[in-house]
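Reader: I'd like to learn how to read contact surfaces in a model. Could you walk me through one?

Author: Sure, let's look at it together.

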Number of protein chains: 2
Amino acid sequence: MARTARLFVDLVRVETRLWNAVDARLQAEHGLRLGQYDLLTVIAGRPGCRVLDLVHEVAITVGAASKAVDRLEAAGWCRRVANPADGRSSFLELTPAGERILSGARPVYEEEIERWTSRLLPPGALEELATSLRTIRAALEAEQRS
Amino acid sequence: MARTARLFVDLVRVETRLWNAVDARLQAEHGLRLGQYDLLTVIAGRPGCRVLDLVHEVAITVGAASKAVDRLEAAGWCRRVANPADGRSSFLELTPAGERILSGARPVYEEEIERWTSRLLPPGALEELATSLRTIRAALEAEQRS
DNA sequence: TATTGTTATACTCTATAACTATA
DNA sequence: TATAGTTATAGAGTATAACAATA
């Protein structure tokens, strides 16, 4: 197999298996899915976050994002509040329960990721992995914004 | 955000966006989805491939794999042939049409991946990225086999 | 007219489990 | 009894597109 294909397949397999490993622990120990953890983190880190911001960050469709927010609201972890500047959209924000579940889940999340990254690679390789991924991500997002 | 969390988020975002970019081109130019391309590649590269081999390689459930193979068969790209050594399972193999679509799609697949990897990173960083991903993948698979 | 978001439909995937056939 | 796979069900996710409300 060509080098380039192998790199991509390894990237996909690593992402899938790492996602599954983190997801399993979050679900078992805190009752939330990794996809929900991801969305809550985006909302927490972006004051005035709207549904469309989730769409661009996570790369899902508007319909999927709207329904995902419905489920987060139903779980009591986030709410939509009126956007005074634009009646078409709402601001998303975490509820106190949302803050709590995020704080409680974060150590498990980070511990599981570290197990397969920092503890597995020498510091230099880890640093270069982070840099390369950031470079590729920036290029993909620049393209997909245009 | 902690370094470790950022690394994982970048990994997930890169995988998603790169997957979507390749998937869009394969679908537009060759009429097959990247998930199907992935399965066909596994089948092609593993003589005597069974449904359970797909399950382990791609990390999906047996039911999902069985139905995915149904769809590949319906498209005329693969077939189940009797396994003389074990009547419970079938061997999966590509049809001539399956070989053809894989050969036709491969240049587009590789070109799109190279665009976001080899053409974006210096050779040393590319090499180290490949090595790191392979290391993490091997560790995850060792764990998940046990 | 364009943008933001919701909703409906259809399809895929998942988990779970019942089931068949074979080892 | 265990393994390999198929099938059924229900639930969640997705894409697509029609739609409503607002800019």
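Reader: How do the residues of the surface near DNA strand C divide into nonpolar, polar and charged?

Author: Keep in mind that this is a predicted model. The surface near DNA strand C has 8 polar residues, along with 7 nonpolar and 7 charged ones.

Reader: And which residues come nearest to DNA strand C?

Author: Out of 22 residues around the strand, those are A:Leu52, A:Gly63 and A:Ser89, plus B:Ala64 and B:Gly87. Two or more residues each come from α3 (51–58) and α4 (62–74) of chain A, and from α4 (62–74) of chain B. With 5 residues, α4(A) gives the largest share of this surface.

Reader: On to the two chains. How many residues does the contact take from chain A and from chain B?

Author: It takes 39 from chain A and 39 from chain B. On the side of chain B that touches chain A, α1 (3–30), α5 (96–116) and α6 (123–145) of chain B each give two or more residues. The largest share there is the 16 residues of α1(B). By class, that side has 22 nonpolar, 8 polar and 9 charged residues.

Reader: How do I read a pair of packed helices?

Author: In general, you give the angle between their axes and the distance between the axes. Here, α1 (residues 3–30) of chain A packs against α5(B) at about 75 degrees, with the axes 9 Å apart. So α1(A) is roughly perpendicular to α5(B).

Reader: Which residues meet there?

Author: From α1(A), A:Thr4, A:Ala5 and A:Phe8 meet B:Glu110, B:Ile113 and B:Glu114 of α5(B). By class, this contact has 3 nonpolar, 1 polar and 2 charged residues.

Conventions
Residues are numbered from 1 along each chain as its sequence is written. Chains are lettered from A and ligands numbered from 1 in the order in which they are written. This is a predicted model: local features need pLDDT of at least 70, side-chain atom pairs count only at pLDDT 80 or more; totals for chains, interfaces and linings use all residues. Two residues are in contact if their C-beta atoms, placed from the backbone, lie within 7 Å. Helices (H or I, at least four residues) and strands (E, at least two) are DSSP runs, numbered from the N terminus. Ala, Val, Leu, Ile, Met, Phe, Trp, Tyr, Cys and Pro count as nonpolar, Asp, Glu, Lys and Arg as charged, and the others, Gly among them, as polar. Axes are lines fitted to C-alpha atoms, for helices over the stretch in contact, and angles run from 0 to 180 degrees between N-to-C directions. Angles under 35 degrees count as roughly parallel, over 145 as roughly antiparallel, 65 to 115 as roughly perpendicular and the rest as oblique. A residue is near a molecule or strand if its C-beta atom, placed from the backbone, lies within 6 Å of it.
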